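User: I would like to go through the terms used for this model and see what each one rests on. Please set the values against the definitions.

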Amino acid sequence: MLKLYGFSLSNYHNKVKFVLLEHGIAFEEVCVVPISYKDSVHDARSPLGKVPFIETEHGPLCESTPIVEYLVAMHPDKPILPAEPYAAAKQRELITFMELHLELVARELYPEAFFHTDISDGTKQRVQRKLQRQLPAFKQLTRFAPYIAGDTFTLADIAAFVHLPLVAQASQAIYGTDYVLEAGIDWKAHVGQVGTRPAAQKVQADRNAYIEAQRVRQ
Ligand SMILES: N[C@@H](CCC(=O)N[C@@H](CS)C(=O)NCC(=O)O)C(=O)O
């Protein structure tokens, strides 16, 4: 059976986990936290020590995008992505845009926004400029009616569900303004809509349990 390595706080881990749950693909989840993982051994399964990574019948695989693409190819019976090439490419476009131009940018804020570790003013200014330009650009690609690309739930909604709240909460914490909302993206309504799905609820419940366990430990 496929093994998914990562932890329930990780948005990239949760993207893959959501896909697996949503499409009823059997998997075993193995809890691996990046820092302790990096400290332990150099592991060719994920050489940068990032999560998620998977173990398959064919071998290991890291990076959430090729992992999802592998699932698409391995499960042609499951509608993870549309069969029509342009429709599938439009979903990949949204996901790439979110991850490259929003999440990866906002990620520089996370140490201070979420983990009590200061970041420099220079970083804050640089990230602010990018988010204020790139969020309105992203908005132009979306519909949110009610799903990100229209009236149908897609893979891009799974990515939005795990990534957009972090971008929004990080900008709120650092700048006092939710730049996602400011760009006209009602991410809370979207999270509410997607959050009705059993797979989303499982991902969210596991995430909350992880946060609670960390809180108790401190
Ligand atoms: N591009 C990677 C990003 C994965 C990623 O950044 N994962 C975070 C957790 S959300 C991580 O492992 N961080 C630890 C590190 O970068 O050392 C993917 O799509 O899988």
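Analyst: A pocket, on a 1 Å grid over the protein atoms alone, is an open set of points with protein on both sides within 12 Å along at least five of seven lines. A molecule sits in a pocket if more than half of its atoms lie within 2 Å of its grid points. The ligand meets that rule for the largest pocket. This is a predicted model, in which local features need pLDDT of at least 70 and side-chain atom pairs count only at pLDDT 80 or more, while totals for chains, interfaces and linings use all residues. Residues are numbered from 1 along each chain as its sequence is written, and side-chain values use heavy atoms, with hydrogens and water left out.

User: What surrounds the ligand, and which residues are the closest?

Analyst: A residue counts as near a molecule if one of its heavy atoms lies within 4 Å of it. The ligand is surrounded by 11 residues, the closest being Ser10, Lys50, Val51, Glu63 and Ser64. Helices α1 and α2 (34-40) each give at least two residues to this shell; helices are DSSP runs of H or I with at least four residues, strands are runs of E with at least two, and both are numbered from the N terminus.

User: What makes the approach of lysine 50 to the ligand a polar contact?

Analyst: The term needs a pair of N or O atoms within 3.5 Å. A polar side-chain atom of lysine 50 is 2.7 Å from a ligand oxygen atom, so the pair fits the definition. Serine 64 has a polar side-chain atom 2.6 Å from an oxygen atom of the ligand, and glutamate 63 has one 2.6 Å from a ligand nitrogen atom. By the Shrake-Rupley method with a 1.4 Å probe, the protein covers 80% of the 500 Å² of accessible area that the ligand has on its own.

User: What is notable about the backbone at glutamate 63?

Analyst: Glutamate 63 has a positive phi of about 80° although it is not a glycine. Its place is the loop between β4 (59-62) and α3 (64-74).

User: How do you know that β1 and β2 pair?

Analyst: Pairing requires at least two DSSP bridges between two strands. Strands β1 (residues 2-6) and β2 (residues 27-31) have 5 bridges, in the parallel sense, so they pair. The chain goes from β1 through helix α1 (residues 11-22) to β2 in a right-handed β-α-β crossover. It is called right-handed because, with the strands pointing away from the viewer, the path from the first strand over the helix to the second runs clockwise.

User: Where is the cis peptide bond to proline 52?

Analyst: The cis bond runs from valine 51 to proline 52, with omega near 10°. Proline 52 is in the loop between α2 and β3 (53-56).

Methods. A polar contact is a pair of N or O atoms within 3.5 Å; within protein, one must be able to donate a hydrogen and the other to accept it, and residues adjacent in sequence count only if both atoms are side-chain atoms. On a 1 Å grid over the protein atoms alone, a cavity is a set of points where a 1.4 Å probe fits but cannot get out, and a pocket is an open set with protein on both sides within 12 Å along at least five of seven lines; lining residues have an atom within 4 Å of a point.
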